[in-house]
Amino acid sequence: MKKLLPVVLAVIIMAAGPSLASCSCEEETAGGTLNLYGIDPYTLDPALSGDSISHQYIVQIFSGLVKLNHDLEVVGDIAREWEVSQDGLTYTFHLRPDVYFHDGRPVKAGDFKASWERACSPATGSQTAPLYLGDIAGTNEVFSGEGEKIYGVKALDEHTLEVKLTEPRSYFLYKLAYPTAFVVDTENATRSNWWHADINGTGPFTLREWSSGSRLELERFDDYYGQVASLNRVVYHLWAGTVMDLYETGQIDVAGIGEGYVDKVTDERSEFYDELVTTVVPSLTYIGFNCNSAPFNDPAVRAAFAMAIDMNRVVELVYRGTAIIARGVIPPGIPGYNDTIQGTIFDPDAALDLIAGSSYGSVDNLPPVTLTTGGYGGLIPGDLQATVYQWKENLGIDVTVRQIDPNEYYYNLMAEKDDLFYYGWMADYPHPQNFLEVLFSSGSPTNVGEYSNIQYDALIAAAARELEPEPSMELYARAEEILLGDTALVPVSFGVEMILVKPYVTGYEPSPLGIVALNEVRIEDR
Amino acid sequence: MRVRVKGLTVILVAFVLALTVPSAMPANAQVDVETIASYAVVEYPDRINFTLELESREQITDIRLNYRVERDSFVDVVCESVAGYDADTKSASWTWDMYTTGNLPPGTVVEYWWKISTGSGNYHFTQPQKVAFDDSRYQWQEISEGNLSIYWYRGDLAFAGELMETARVALIQLEDDMGAYLARPVNIYIYGSSEDHQGAMLYVQEWAGGLAFTGYGVVAIGIAPSNIDWGKRAMVHELAHLVTHQMTNNPYNSIPVWLNEGISMYAEGEMEEFSESYLRRAAANNDLISVQSLASPFSSDADITYLSYAQSYSLVEYLISQHGSQKMGELLYTFSLGSTYDGAFMNVFGFDIDGLDTAWQAWVKEKYSASSAQRMAALPSFMAVLLAVLMASSAVKSCRKKRLAV
């Protein structure tokens, strides 16, 4: 689960005009300091993190059994190798013997078992554990509080971990690359607010300082088992000003680009053009329906709201090339992406006819409609503004937007949602299950809209059990077709990430999932 | 024209409002929750602290602050934040940290109310209150005329009156030129210096002396009484932004930055000499910034920005002089409907942004022929350096207090 921040937070800072007050470039030392812009993470506890902002810090400080390489293949991390039983139910991981926590204590197989039991414990309150560890035998008993130990996980010796699943899952290894499955020092993690002040991780960087609203600093961990970082430090300047101005004045080395600056950075005559890195990222932005209550428990009303939006116009005018219009659910780069999907056709008259034929009979009979989004201060993303405007223009319906705090939005949207919600999802691993099952299957804790269709659920379950890729993908394709036919959502856009990277920075290469391995980054002579 | 002193702090205002509203109006009359006090304290420009004090015989399970900012918007947005509740003090509070959003302009009104949930599943809403995000660090005076209000604290009434007259005339001129008058009231805050203005904004480039908050009908400028000539130009510039915004506002996108700034520069009157010198030099040296790049916010580098402003003026001058002001009106109207940049120009002028770049560059290079630059280049090197230094210092002096619209 990697929920995306509604882009307005970043956009506000980029558009509000500039400032540079408190950010000064860090002095150079042997390996150099990488200066980045950032905002405060919501958590640095891997068991809790479910948002893309927190993840970017956590993956530098912690690590797990496996990780995804730049080709999105699962490769060993703390696990040097593993075997899978023929029935696909038992995984045996062999851990590297040279892995240490930042305090020098060696990592053992039992640390993973303890970390996962902690993550699944109701006392921890993880929303991500059921999704990412829930395939392991015995986790349900821990989730429910019936037990404290996950019987499906055994430390066979100090460096061998056996994991048993309840059913075979073709994507199980991908899930272990997610922060919820990372190893933590469970003794360290019992301290109050430990992740804010005193983190003992295993990643390539230690947390040196976190001053909320000001600065987050990472320091190289010299005893890291993998590629030891070249950088001495990474300094995130939190809320330090307008990103582009910080970049132009050399106070940060990398800058994310929003649509406001797209003309400048894509101009071949611009000084920034050669520093631009553009990546299509597997993310989906969509409008979700609360399918479980009126008026959107009526499929005709859902279809009408989808049909009343000229999404081509919205995406073209608002995003200005920084996103791709989404017609389906699975984004480019994820197996199963289907570029032949036509999507909903914009037809306001047909939309009104649909409402007339719905259980409401007329727009006048619809109850008030509220949409939930995240952020502060009442400024909302441009695509959302344009969408709500079109509902007014084309259906005559005033939709009120309720903007809730980002942390509530990230971690409590299921309870907080109104009739509609604006949502973003970045892939955690390259598998259609990460979208179709996680976001829309009955009972999934991240099925915010509570969409439910027996036929859909059956196809998703069958696809998950199917270990052969081709038939599995066919099942997912049929499921996506049902989902779109039921108008369980209004797809808005797939992601495009634009960043500027200073020429003296090498190795700053976001993976297709948007994660940068900062231990691979180097600062050359400026 | 009326004059009054606006010296009360927002703290006082907020308390007064709190005392005059009745206690919480329960959604369920059987539930006993009473508001003791509800108030908001502004610490301009950094934050607003909202506080609720209450009495309840029921267990409080959740308290939310709801608020809505008064500004132009295509969408009704109600914000909701979870307030920390302290059972010992029976109070809840929430702080709007403006660093997370950029600060509201001075005087912006925020309407707010509380939602209180209790253990029995009932909830209450308090009566809506309003707090103004006033910059109470200064003793503001106000003069008003029609929809126009000027707030200032340095200089005498004649100073403010001169600015008011400039603003009034500018709006008449803008109405004549652009066929638009401002539909909403405009509040102009005159800070007493560039430094005061800079200190009133969280995110502002150091060379910016004026800001137009277009969705709010607010202009904030730093004008020392000794610098009123510059100030009058700056005020016209910022007012033009408000007019342009009103003419082009649409739910999809903004017009190119150069067009917005160029119209405001053009409204000021003839281009100032220091600006023209940047343009002349860039034209002669083939260092003009592309029109495409100028569609984005200008650089943090002051020299590049001065050139950007000069080019913006020149582009608007080119469009009006070569294609007529009617076409300019059509262009703004096209943008108001929602259009891509290329689409709008193609529709109105028959060329896209690159086409404009080509045509305008030829025009501007012809206008600023190489001769003047050659004359400059022929100066003795000492003189050239001296001239550059003088020009740069002059430009910095002026432009540190100069314009940028949000």
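Are α8(B) and α9(B) parallel or oblique to each other? In this predicted model, the axes of α8 (residues 302-323) and α9 (residues 325-336) of chain B come within 6 Å and cross at roughly 125 degrees. That angle is neither over 145 degrees nor in the 65 to 115 range, so α8(B) and α9(B) are oblique to each other. On the α8(B) side, the contact uses B:V316, B:L319, B:I320 and B:H323, while α9(B) brings in B:S325, B:K327 and B:M328. Sort the residues of this contact by character and you get 4 nonpolar, 2 polar and 1 charged.

Over in chain A, have a look at a pair of strands. β6 (residues 153-157) and β7 (residues 160-164) run antiparallel and pair over 4 bridges. A hairpin of 2 residues takes you from β6(A) to β7(A), and A:A155 has A:L161 as its bridge partner in β7(A).

Now for the charges. Counting all chains, there are 43 salt bridges. One of them goes between chains: B:D357 pairs with A:R269, with the closest N and O atoms 3.5 Å apart. B:D357 sits in helix α11 (residues 353-367) of chain B, and A:R269 lies in the loop between α9 (262-265) and β12 (276-289) of chain A. With a relative accessibility of just 3%, B:D357 counts as buried.

Compare that with A:R220 and A:D222, whose side chains meet in a salt bridge at 2.8 Å, N to O. Here A:R220 is partly exposed at 25%, and A:D222 counts as exposed at 51%. Chain A also has a salt-bridge network linking A:R208, A:E209, A:R215, A:E217, A:E219 and A:R233.

Methods: Residues are numbered from 1 along each chain as its sequence is written. Chains are lettered from A and ligands numbered from 1 in the order in which they are written. This is a predicted model: local features need pLDDT of at least 70, side-chain atom pairs count only at pLDDT 80 or more; totals for chains, interfaces and linings use all residues. Side-chain values use heavy atoms; hydrogens and water are left out. Two strands pair if DSSP finds at least two bridges between them. Axes are lines fitted to C-alpha atoms, for helices over the stretch in contact, and angles run from 0 to 180 degrees between N-to-C directions. Angles under 35 degrees count as roughly parallel, over 145 as roughly antiparallel, 65 to 115 as roughly perpendicular and the rest as oblique. Contact means heavy atoms within 4.5 Å. Ala, Val, Leu, Ile, Met, Phe, Trp, Tyr, Cys and Pro count as nonpolar, Asp, Glu, Lys and Arg as charged, and the others, Gly among them, as polar. A salt bridge is a side-chain nitrogen of Lys or Arg within 4 Å of a carboxyl oxygen of Asp or Glu. Buried means under 20% relative accessible area, exposed over 50%, partly exposed in between (1.4 Å probe, protein chains only).
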